[in-house]
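Got the structure open in your viewer? Let's walk through it one selection at a time.

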Amino acid sequence: MQPFNTQFALSRDYLAECYDQSLPYGKNVKPNYLLPTLLLSSGTGLLLFTEQPKIASCTLIALGVLELIHIRYRRAWWLARQMLGKSAGSEVKLTIDKDGIQTQNPYTKTALSWADIEHIIETELGLILVAKSGGQQYLSKSLLPAELINEIVTKIKGKH
């Protein structure tokens, strides 16, 4: 494999693409409404059926509403957290070679060897590399030439 190097900015658009393309293959594909339901029903039950001070029931109801807001705006919340991080907006150096895939910015350096990649998921706009440890790394196809994308997919699928 010929070494490939490129740089890209860790912009809001790139992070949004990462989130949108990875979400269907992540752990939390469907939102869990059990917790807000339990919080709201417990708070309402305490409010209606006990003589306890109202602060506990109001707190449970407020937490239930907050959890529903979190579920509704989870993409925006995730993007906001990423954009508030110190890596946001920084230049990322991407290197793909015979050893694996390395990314480096002024704050972090990661390396994923080919042997550590369990499988690959090809999405419309990118590649999701799933490590044996369970972690995922997203690579946008817009960063890579078509021949390299095919070589990466063949290399990883050829292992299995």
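Start with R75, which is partly exposed at a relative accessible area of 34% (buried means under 20% relative accessible area, exposed over 50%, partly exposed in between, with a 1.4 Å probe and protein chains only). Before you click on, know that this is a predicted model, where local features need pLDDT of at least 70, side-chain atom pairs count only at pLDDT 80 or more, and totals for chains, interfaces and linings use all residues. Residues are numbered from 1 along each chain as its sequence is written, and side-chain values use heavy atoms, with hydrogens and water left out.

**Stop 1: around R75**

Stay on R75, which sits in helix α4 (helices are DSSP runs of H or I with at least four residues, strands are runs of E with at least two, and both are numbered from the N terminus). Which residues does R75 touch, not counting those up to four places away in sequence? Show A16, Y19 and D20 and you have them; contact here means heavy atoms within 4.5 Å. To check A16, draw a C-alpha to C-alpha distance from R75: you should get 8.2 Å, although the two are 59 residues apart along the chain.

Now zoom in on D20. R75 and D20 form a salt bridge, and their closest N and O atoms are 2.8 Å apart (a salt bridge is a side-chain nitrogen of Lys or Arg within 4 Å of a carboxyl oxygen of Asp or Glu). This pair ties together distant parts of the chain, 55 residues apart: R75 is in helix α4 (residues 74-84), while D20 is in helix α1 (residues 12-22). Like its partner, D20 is partly exposed, with a relative accessible area of 36%.

**Stop 2: α1 against α4**

Zoom out until both helices are in view. Two packed helices are described by the angle between their axes and the distance between the axes. The axes of α1 and α4 come within 10 Å and cross at roughly 135°; axes are lines fitted to C-alpha atoms, for helices over the stretch in contact, and angles run from 0 to 180 degrees between N-to-C directions. That angle makes α1 oblique to α4 (under 35 degrees counts as roughly parallel, over 145 as roughly antiparallel, 65 to 115 as roughly perpendicular and the rest as oblique).

To see the contact, select R12, L15, A16, Y19 and D20 on α1, plus R74, R75, W78, L79, Q82 and M83 on α4. Colour them by class and you get six nonpolar, one polar and four charged residues. For the colouring, Ala, Val, Leu, Ile, Met, Phe, Trp, Tyr, Cys and Pro are nonpolar, Asp, Glu, Lys and Arg are charged, and the others, Gly among them, are polar.

**Stop 3: α2 and α3**

Next, select residues 34-49 for α2 and 54-72 for α3. How far apart are their axes, and at what angle do the helices pack? The axes are 8 Å apart and the angle is about 155°, so α2 and α3 are roughly antiparallel to each other.

The residues making this contact include L35, P36, L39 and L40 of α2 and L60, I61, L63 and V65 of α3. Across the contact of α2 with α3, the residues divide into 13 nonpolar, five polar and two charged.

Pick out S57 in helix α3. Is S57 buried or exposed? S57 is buried, with a relative accessible area of 2%. Leaving out residues up to four places away in sequence, S57 touches G43, L46 and L47.

**Stop 4: the other salt bridges**

Side chains of opposite charge can pair when their charged atoms come close. The structure holds three salt bridges, so there are more to visit beyond R75 and D20.

Select K98 and D99, whose closest N and O atoms are 3.4 Å apart in a salt bridge. K98 counts as exposed at 60% relative accessibility, whereas D99 is partly exposed with a relative accessible area of 44%.

Then go to E122 and K141, a salt bridge with its closest N and O atoms 3.1 Å apart. E122 is in strand β5 (residues 117-122), and K141 is in the loop between β7 (136-140) and α5 (146-158), 19 residues apart. E122 is partly exposed, with a relative accessible area of 42%, and K141 also counts as partly exposed, at 22% relative accessibility.

**Last stop: two exposed residues**

Finish with Q2, in the segment before β1 (4-9). Q2 is exposed, with a relative accessible area of 65%. Then find T154 in helix α5, which counts as exposed at 55% relative accessibility.
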